[in-house]
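Subject: Structure for your review

Dear colleague,

Please find below the structure that I am handing over to you. My findings follow directly after it.

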Amino acid sequence: MIQSIKTVPSGTKIGKEQLNVLTYVDDFALIGKNEIEISKLFVELENIARNFWLHTNEEKTKHMIVERKNSLKKNKIGHLKIKNYKFERVEKFKYLGVILNEDNNNQIDLQERIKNANKTYFMLQKNLRIKTYQRN
């Protein structure tokens, strides 16, 4: 399934590899430079998935446009329409525990991790105190 999607010319180059899909179990993240590339990838994914009796959950599927900082947010579409599907645009989402956002800025994820670490630390703090016990 993944090999077929990788043959679609799209995505971004990282090192020597052309990357157009990230997968983990049943989660897919399609990567394209524009809506046309994403549409081609989605159509290919849908065609392959249909052979395995899999379908796309339109309510759970979102799209995000990642742009560089300081770029003009010229593309303000709210939904991405591909075939009979209409996908909501989001500014951020969590993928495999990491918060991704459209500015490609990891500050939100970093703040979330610090908050969770502090919460865990203070919950465990009473157990972490060193107590001296007297021997009889």
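In this predicted model, three strands form an open sheet, and their order is β5-β7-β6 with mixed pairing. The edges are taken by β5 (62–63) and β6 (79–82); each has a single partner strand, so one side of each is left without a neighbour in the sheet.

Strand β6 and strand β7 (residues 85–89) run antiparallel and are joined by 4 bridges. Within β6 and β7, H79 stands opposite E88. Helix α2 (residues 35–51) lies across both β6 and β7, and its direction makes an angle of about 50° with β6.

The largest nonpolar core comprises 6 residues, namely I38, F42, L80, I82, Y85 and F87. Two or more residues of this core come from each of α2, β6 and β7. One member, I82, touches I38, S39, F42, V43 and F87, when residues up to four places away in sequence are not counted.

The aromatic residues of this core deserve a separate paragraph. The count of aromatic pairs comes to 4. In one of them, the ring centres of F42 and Y85 are 5.3 Å apart and the planes stand at 80°; because an angle over 60 degrees counts as edge-to-face, the pair is assigned to that class. This pair links distant parts of the chain, since F42 belongs to helix α2 and Y85 to strand β7, 43 residues apart.

Are these two residues buried or exposed? F42 has a relative accessibility of 5% and therefore counts as buried. Y85, at 18%, also counts as buried, because the limit is under 20% relative accessible area.

F42 forms a further aromatic pair with F87, again edge-to-face, with 5.2 Å from centre to centre and 70° between the planes. Since F42 lies in helix α2 and F87 in strand β7, this pair ties together parts that are 45 residues apart in sequence. F87 is likewise buried, with a relative accessibility of 3%.

Taken together, ring pairs link F42, Y85 and F87 into a cluster. These three residues are also among the members of the largest nonpolar core, to which α2 and β7 are among the elements that give two or more residues.

Yours sincerely,

A colleague

Definitions and conventions. Residues are numbered from 1 along each chain as its sequence is written. This is a predicted model: local features need pLDDT of at least 70, side-chain atom pairs count only at pLDDT 80 or more; totals for chains, interfaces and linings use all residues. Side-chain values use heavy atoms; hydrogens and water are left out. Two strands pair if DSSP finds at least two bridges between them. Contact means heavy atoms within 4.5 Å. Axes are lines fitted to C-alpha atoms, for helices over the stretch in contact, and angles run from 0 to 180 degrees between N-to-C directions. A nonpolar core is a set of buried Ala, Val, Leu, Ile, Met, Phe, Trp, Tyr and Cys residues joined through side-chain atoms within 4.5 Å. Buried means under 20% relative accessible area, exposed over 50%, partly exposed in between (1.4 Å probe, protein chains only). Rings of Phe, Tyr and Trp (its six-membered ring) pair if their centres lie within 6.5 Å; planes under 30 degrees apart count as stacked, over 60 as edge-to-face and the rest as tilted.
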